[in-house]
Amino acid sequence: MKSKKAGKPQPDAVLTEIIRNGVLAVTEEMKTNLTRTAYNMIIYEALDFTVGLYTPEGETISIGLGLPMFIRGMAETVKAKLAHFGVKGLRPGDILVTNDSYITGSHLNHFTFTLPIFHEGKLSAFACCMAHWMDVGGVLGGLTTDIYSEGLQIPILKYQDAGVVNQDLVDIIAMNVRVPERGLGDLRAQITALKTGERRFLELLDRYGREEVLGAVRNIMDQSEAAARGRTRSIPDGTYEAESFMDDDGVDIGKRIPINVRIIKAGDEMTIDLTGVSAQVRGGFNSGATTGYGCAQVAYKCITSPTDYPINEGSFRALKVVLSPGTVVTAVRPAAMRVWMTFPMTVVDTALKAMEQAVPERTIAAHHADLLVGIFNGVAPADGRFYLGDLGPTGGGWGAKHNEDGMCATVCMNDGDTHNSPCEQVEAKYPVLFKRHALRDDSGGAGRHRGGLGSEKAVIARARMNISVRVDRVHCPPWGLQGGMAGMGNKLTLTLDGKEIDDLPNAKVYGRPIKAGDGWSLFAGGGGGFGPPHERAAAKVAHDVRQGYVSRQAAHDIYGVELNEQGGVDEYATRRLRLKSA
Amino acid sequence: MSKQNPSSLRLHTRLAADIGGTFTDVAAFDEKTGRMLLGKALSTPRNMVEGISTGVAKAGTTYAEASLFLHGSTVAINTMLERTGAKTALITTEGFRDVYEIGRINRPDAYNLFFKKHVPLVERALRFEIKERMTAEGEAYIPLDEASVHAVCDKLAKLDIEAVAILLLHCYRNPEHEQRVRAIVEKRLPKAFVSASHELSQEYREFERTSTVVANAFIGPRVSRYIAGINDHIRSSGFKGSFLVVQSTGGLYESHQAQVQCVRMLESGPAAGVIGARALCHEMGLGDAVAFDMGGTTAKAGVIYKGEVLTTGAALIGGYNQALPVQIAMVDVFEVGTGGGSIALVDESGALRVGPQSSGAEPGPACYGRGGQLPTVTDANLVLGRLGADRFLGGEMKLDVKAAEKAIYEHIAKPLGVDVIHAADGILRIATTAMSYAVKAVSTERGLDAAAFSLIAYGGAGPLHASAIAREIGQQTLIVPRAPGHFCAFGMLYSDLRYDYVKTWFTRLDDAPFAEIEKIYEGMISEGKAALASSGIKPTRVTIGYAVDMRYVGQEHPVTVDLSPTVFKRRDRESIKHHFDEVHQQRYGTCAPDERAEIVSLRATVTGVMKKPPLEKIARGSKAPPAGAHRGKRSVYFAELGKAVATPTFARDELRAGNRIDGPALIEEYASTTVLLPGDKLRVDEFGNLVIEVGKRSK
């Protein structure tokens, strides 16, 4: 079945598909081995990691997610390492490392290891693994304003040189992180993942031949590219722009941070221009250029090939990304990067907003765009020990689309297969008690298709503790599209001495002490609506009211639907109401 | 059983009936003759018992002769997946009625803007809250306000609610509130099917427990009617024995118990197959095997490790992305979306894809001639000669080779510029590698190496692909059991009565209160023994399994550690910790002997061991298969040889113990065909199993 043409072999469609499934299986197995050997739960529960295979040039062959927003982080890191050592500087048995924020584009917790895979003496691929370490030193929980306060920085180095571990490096790490046995445990898990990738990829090379496999990889990339180009071509040519803003950086409270995105579509190519996002900020909400690329790639992937083509270099050949240095998604030293993941989600949301003008049927209204994690620490009354606790991520509303309502209470764009934490689990571990974990009525943006509802977690402290919340998008609630309305924004309220404080200027508190009986509530925003609310079928509005998703008042005031006492639609009154405001 | 029943001399068969989507399979073991009788009938969805009766008749036996009627059915899972259950309400703790809708908030398809979440079986308007609250320590933070329960009951009475599910927070630690609410609801709504979560799962995780109890209530009325209907029917047909149902663990429970804890029988069919594979392993002296069941739309794999079936404490029903979890013990069955009906296509970018779309039973593969136009895995098998056009289902169904060739030519061969044979071979190779990756993934997750396992293949399509899959994985032994198309019914005959209990009990191992732990175990075990007694069956012996879910302090995921009861009696913390470290090492490749550990949940399994029928032996023959087994040759393409060769075919039913056949060859039987690839060496064992030494793959 192999048709050997002159020069490099041209693997046929069957071998190409076998290799496509094969490289996916390799990265899935890397992922399995990482999650099952990792020590900290951010890796195996929140899936804050990414594993992948890369060509000898550093191009993405296959990625195992992980973290959807880290789509680009490893390719850039592999390329940086390759540039640093050169092909000649790499030997079998090497493992390269860095956590340089300005290379990975994210925070220092993302230790990234890379293993060059040699087949019969030839550099044939790289296996790479990023995973979030629980602690990398630096200020505990508080506000940071530069990278030096955020922890240990490791430049590009060889963790292992021709099979020999760099013990000096290990000792430096051990002295600089708070729970070294865990950090080093995660390091071992990452190495296991890399070796799994190496072994399984070499099996493919042995089985099918090096040139055949690399040829198949080229075919796979070409297929991804062809699909992406085809779907890009069907988008009308033009320049599309959208803007939004972030609340603030936690330092200059109330100072809005503008996010402008410009998309130029011509033929089968797309350019995403992010030069219009804000200059980097003082608080730790910055991310590096890698994440700037990542934002553009995530938006592009969502529009062109969300499920049917794997992530590889070919998927993005027809995408051009324009960045200028020193913005919140291209930050340069010494910008603080600890909360790197929050702003990029809104950049993606804004890019999808720009696509409204071009392909409304393929895009989506805005979502809550924040993880909404509440973290707290204190001394547990049960055993007198210090603990670091968290409530896990909170699900918010996703935007409506041209054909359906948005999803309720779902994790934000930064995360994918991340799970929340059961209340029963959190209460058994930490001295807190949930009053409610509920959907927020009326939080979904009104529209022909309604935005999804956000959710609320209301918690009471059962002992003295310090709480930190770093939530944004309070003041820029998830917008609607095509006449749909915005959902409710994110929100934080505190209950102190029995009094609820719900007029905080933002949703950010850093290490605030509270006592037993005090509490806090995290409210995740609702998704934006799609299309004018008056076009929503009255029966659907009645259904929403019956379920309590929408109040009777909102049904009347916003949707123009009058319900009778039984909850059914009063057709006549509804028609009048809708005519009047038309 | 014979001891307790005076009419035992007449009751000499054990009947097992497995209802699947397409077929109802019956296996009967006749204790008098030592023979296994088999019957296969089309399933009769409108009145399932008809199919069973036809199958029993086809097997040549009667209900009146049976001491046991064992049953597995898709009724529970179908009621859930097709959402045809009862009008159900949920009663839950104030502030938490949306937990069931919020779920775990994950988005598995990370870049899909059109992703969909799970859809609850009970809409929000039918989820009611009552005033009460337990803490994680099991103390009443807010006492139960019975007036609030009555207020909800007033509403339910007006809404024609057929079933009520009750979930209160932390009831696993203290079920008093749930028990009281249940009593009130039963009194107020005497006709409703009422289910409280602590009766099914005393394990933490409120979403999963809610989903479990709601599923039970939702399917309860229909499943209990179904079981009652079968019971009436077989009793009126002269059945005088015990009616037992297969649970998702592969264990049995009495039909009255199945009418209450319906959710325990969700995966009864697949579980029974894995139990059958375990029985085969015991008989053949095998420790480790992968049980591989491939049918029309999916392939399923279960794992037998050191002679025991691997189980899991929860399963996701309805596919990962939109799953409704069920938090009860189950055989750990992994499903792959590749079956005989998987569709092959060349997509817009020129890539050749196989599945996950399936042609289903209707219209089915192109070769079925029922209107299917798209090429499938079955069509590829036919075109390559692996399936015989006039041998399918014993010749009862003719396959259309021309239609298969046409579909493959138009949709695959032509766009790719290859011939039909190469296209068909490519479809099979892609399907094979996809399934082998999936089987490898199941074992990797468990820290096991699939290559060292034997493969036991059954289901209609399993034996067609098993040798190729075994080669791909590097497995050396493949076993195709006798009657692979009846294997799930066969497996039921080797099952035991089984009752599983779990109770979450968070405690650091260092401060574990052993007296209390022993009391909890005693409670679970006496409950299990009571359930066993109420089944009316006297097992040959009762065994009790103890296990504990543990994790290192700070971790989220616990692992289940099997423990002997003596370590608790000895209050031996060190030994418990050591066991846990070992299990962690085996499963995850690392452990931390210096880290503190905590107990999350206690598990007990009470098993009533049943007398097993001996495997029926078949007649002995010589090395060469008898003349009657030869069914001529047909041209079959093998990629290993790069060409089609005249390949001998054999009638499985005519083979004798000791017969040997070298690949390439085809072994045909009523509902299945076993493909022997070049290099494979087959021998027929004394029980009629095909034991195949798998040839090495060429590269």
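# Reading a predicted two-chain model

Reply: This is a predicted model. Chain A has an average pLDDT of 93, and 98% of its residues score at least 70.

Me: Which residues of chain A have a pLDDT below 50, and how should they be read?

Reply: Where pLDDT is low, the predicted coordinates should not be read in detail. In chain A the stretch with pLDDT below 50 is residues 1-6. Apart from near neighbours in sequence, this stretch has nine contacts in the model.

Me: How many residues of each chain are in contact across the interface?

Reply: An interface is often sized by the accessible area that is lost when the parts come together. Here the description is by residues in contact: 56 of chain B with 62 of chain A. On the chain B side, α3 (99-102), α7 (206-236), β22 (352-358) and α12 (420-445) each supply at least two residues. The most come from α12(B), which gives ten residues. By type, the chain B side holds 25 nonpolar, 15 polar and 16 charged residues.

Me: At what angle do α11 and α12(B) pack?

Reply: Helix α11 of chain B, residues 401-416, packs against α12(B) at about 90°, and the axes are 9 Å apart. Angles of 65 to 115 degrees count as roughly perpendicular, so α11(B) is roughly perpendicular to α12(B).

Me: Which residues make that contact?

Reply: From α11(B) come Glu405(B), Ile408(B), Tyr409(B), Ile412(B), Ala413(B) and Leu416(B). From α12(B) come Val420(B), Ala423(B), Ala424(B) and Ile427(B). Nine residues of this contact are nonpolar, none is polar and one is charged.

Me: Into which domains is chain B divided?

Reply: The assignment for chain B gives domain 1 (1-72), domain 2 (84-218), domain 3 (342-430), domain 4 (497-609) and domain 5 (627-693). As for spacing, the C-alpha centres of domain 2 and domain 5 of chain B are 55 Å apart.

Me: Where is the peptide bond cis?

Reply: One case in chain A is the bond from Arg333(A) to Pro334(A), where omega is near 5°. Pro334(A) sits in the loop between β11 (319-322) and α9 (342-354) of chain A. In chain B, the bond from Gly355(B) to Pro356(B) is cis, with omega near 0°. Pro356(B) belongs to strand β22 of chain B, and β22 is among the elements that supply residues to the side touching chain A.

Me: What is the phi of Ala409(A), and is this residue buried or exposed?

Reply: Ala409(A) is not a glycine, yet its phi is positive, at about 45°. Its place is the loop between β13 (386-390) and α10 (423-429) of chain A. A residue is buried if 20 or more other C-beta atoms lie within 10 Å of its own. Ala409(A) counts as buried because it has 31 C-beta neighbours inside 10 Å.

Me: Where does His170(B) lie, and what is its phi?

Reply: His170(B) also has a positive phi, near 60°, in a residue other than glycine. It lies in the loop between β9 (163-167) and α5 (176-188) of chain B. With 25 C-beta neighbours inside 10 Å, His170(B) counts as buried.

Me: What does the count say for Thr275(A)?

Reply: Thr275(A) has 14 C-beta neighbours inside 10 Å, so it counts as partly exposed. This residue is in the loop between β10 (269-273) and α8 (289-304) of chain A. Setting aside neighbours within four places in sequence, Thr275(A) is in contact with Val322(A), Leu323(A) and Ser324(A). Its C-alpha atom is separated by 12 Å from that of Ala296(A), 21 residues apart along the chain.

Technical notes
Residues are numbered from 1 along each chain as its sequence is written. Chains are lettered from A and ligands numbered from 1 in the order in which they are written. This is a predicted model: local features need pLDDT of at least 70, side-chain atom pairs count only at pLDDT 80 or more; totals for chains, interfaces and linings use all residues. Two residues are in contact if their C-beta atoms, placed from the backbone, lie within 7 Å. Helices (H or I, at least four residues) and strands (E, at least two) are DSSP runs, numbered from the N terminus. Ala, Val, Leu, Ile, Met, Phe, Trp, Tyr, Cys and Pro count as nonpolar, Asp, Glu, Lys and Arg as charged, and the others, Gly among them, as polar. A residue is buried if 20 or more other C-beta atoms lie within 10 Å of its own, exposed if 12 or fewer, and partly exposed in between; C-beta atoms are placed from the backbone. pLDDT is the predictor's confidence in each residue, from 0 to 100. Axes are lines fitted to C-alpha atoms, for helices over the stretch in contact, and angles run from 0 to 180 degrees between N-to-C directions. Angles under 35 degrees count as roughly parallel, over 145 as roughly antiparallel, 65 to 115 as roughly perpendicular and the rest as oblique. Domain bounds come from an automatic or database domain assignment.
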